[in-house]
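Q: Please take a close look at a single part of this model, namely one helix and what surrounds it, and then place that part in its wider setting.

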Amino acid sequence: MSTKRVGSVLLCDKDSALHSLGFEERLSLGPIKFAASYLANLEVDEILLLSIDGSAEVNFLAVNELIQNAKMTPCSYGGGVTNRNQVKKLIQMGIDRIILGPRVLKKPEILESYFEEFGLETFVLHIPLLRICGENIYKVWANELTLDEVQFKLLKLQEESLIPEIMITDVQSSGFGNRHSADFWQEIPSSILRLPNKLAYGGLYSLAQSNPHAYELLVRQFNAVFVGSALFQGTSRVINLKELNPAIYRPLESADPRKGRE
Amino acid sequence: MRTQRKSGKPVLGICLGFQLLFDSSKEGSGSVPTKGLGLFSETVEPIYSNFEMKTGWYQVKRQIMPLGGDFYYFNHRFGVKRMNNENVVSVCADGVIAEVRKDNIRGVQFHPEKSQHAGRRYLRGFIEDWS
């Protein structure tokens, strides 16, 4: 028996954890070490650290803070990874999986050499999507590739059995009560939904609250769902994972299979 | 490794460390399997026919206690399936071997160091077995 993963995305700039809208409007949530420790205590299935400081450097300071405080929770990192030495160092520091942005698809030979050297399971390919003016048209955020090009390259990788886990992000999500996220996830292109090994991030807590049926459908299609700052909304809104994701946890609870993790 | 094995000191192979204990692996080796340490006789192969990955939390069932088991974190594409001998300690529901043991050598396909409370319990048990 397996469980779908419910993880947390932790955005950061230098050593600060952030709440953000569209990766742009930012509010500090405090030091990464406290945020990482908080998430580990919630027993999220995985912590995914995304550095959004805008530099082309890996944020090793933040990675170190995460690893020191994640208490045996699987950790992934994304942001500024451009060469194999950085990948190697991140793995040596204790990062389990490395997130690569869609621009890496422009140089598939680099991607293949990474996969060959470190294993496909060490990488997650991040596809941040924007819906344009609320229409059913999508664009890859902050990237020169079009969605069609991204899909074509992904299908090619799939044909060659070289496709890692794909992380689809709703970039425009703004957290609680955002109806936009429901539209986004219900109308996402089917060619993307057909890909294997997918994880979803962005506005999922809102979706679970506003449209539980759509959320359950989404959960069936994805291997994992990740939430962001919904897990940091202050003590009055602290949620546990069972509340967040009853679709996943309800059937498992009856047989109590997760008792081993408590 | 072989010296360590003869010395009787405990060894724990994790994930790729588990796979290296076997005869050979088909990972990244083209048509000729890569030679392993040969402490167990099976070959490491893709676990699913479509090369899908096994990433996440999976329940592991001990052979001697089939009615339950802890959840551990797995992240792999290659592994060992259906190994019927006394060295198998635990398996997943999909038939993937989760843990093997022979004398002082133990191997686990999952990551106890990333499996929160269950992992901590596993590692504590490993240390206590040998202390």
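A: What follows starts with helix α4 of chain A and moves outward from there. The model is predicted, and for that reason local features are described only where pLDDT is at least 70, side-chain atom pairs count only at pLDDT 80 or more, and totals for chains, interfaces and linings use all residues. Residues are numbered from 1 along each chain as its sequence is written, while chains are lettered from A and ligands numbered from 1 in the order in which they are written.

Helix α4 of chain A spans residues 108-118, and its buried residues are A:L111, A:Y114 and A:F115. Here a residue is buried if 20 or more other C-beta atoms, placed from the backbone, lie within 10 Å of its own, exposed if 12 or fewer do, and partly exposed in between; helices (H or I, at least four residues) and strands (E, at least two) are DSSP runs numbered from the N terminus. Seen down the axis of α4(A), the buried residues fall within an arc of 95°, so they line one face of the helix, the arc being that of the directions from the helix axis to the C-beta atoms. An α-helix has 3.6 residues a turn, so residues three or four places apart point the same way. The face turned away from the buried side of α4(A) carries the exposed residues A:E109, A:S113, A:E116 and A:E117. What covers the buried residues includes α3 (84-93) and β8 (123-131) of chain A, and α4(A) is followed by A:G119, whose phi is positive, near 95°.

A second helix of chain A can be read in the same manner. In α9 (residues 212-221), A:Y215, A:L218 and A:V219 are buried, and they cover an arc of only 100° around the axis, which puts them on the same side of α9(A). The face of α9(A) turned away from its buried side carries the exposed residues A:H213 and A:R220. A:L218 is also among the residues that A:A200 touches, together with A:I168, A:W185, A:F222, A:V225 and A:F226, not counting residues up to four places away in sequence, where a contact requires C-beta atoms, placed from the backbone, within 7 Å. A:A200 is itself one of the residues that, with A:L10, A:I47 and A:L49, touch the most other members of the largest nonpolar core, which has 69 residues; such a core is a set of buried Ala, Val, Leu, Ile, Met, Phe, Trp, Tyr and Cys residues joined through C-beta atoms within 7 Å. Apart from it lies another core, of 28 residues, among them B:L21, B:F71, B:F78 and B:A98.

Chain A as a whole has 11 helices and 12 strands, and 42% of its 262 residues count as buried. Among its contacts between residues at least 6 apart in sequence, 67% join residues at least 24 apart. The mean pLDDT of chain A (pLDDT being the predictor's confidence in each residue, from 0 to 100) is 80, and 82% of its residues reach 70 or more. Over residues 234-239 of chain A the pLDDT is below 50, and beyond near neighbours in sequence this stretch has 1 contact in the model; over residues 249-262 the pLDDT is likewise below 50, with 18 such contacts. Where pLDDT is low, the predicted coordinates should not be read in detail.

One backbone detail of chain A deserves a separate note. A:S161, in the loop between α5 (147-159) and β10 (165-170), has a phi near 55°, a positive value in a residue other than glycine, and with 13 C-beta neighbours inside 10 Å it counts as partly exposed. In chain B, B:C15 has a phi near 60°, again positive in a residue other than glycine; B:C15 is placed in the loop between β1 (11-14) and α2 (16-19), and with 23 C-beta neighbours inside 10 Å it counts as buried.

Chain B has 3 helices and 10 strands, and buried residues make up 41% of its 131 residues. Between the two chains, 24 residues of chain A are in contact with 25 residues of chain B.
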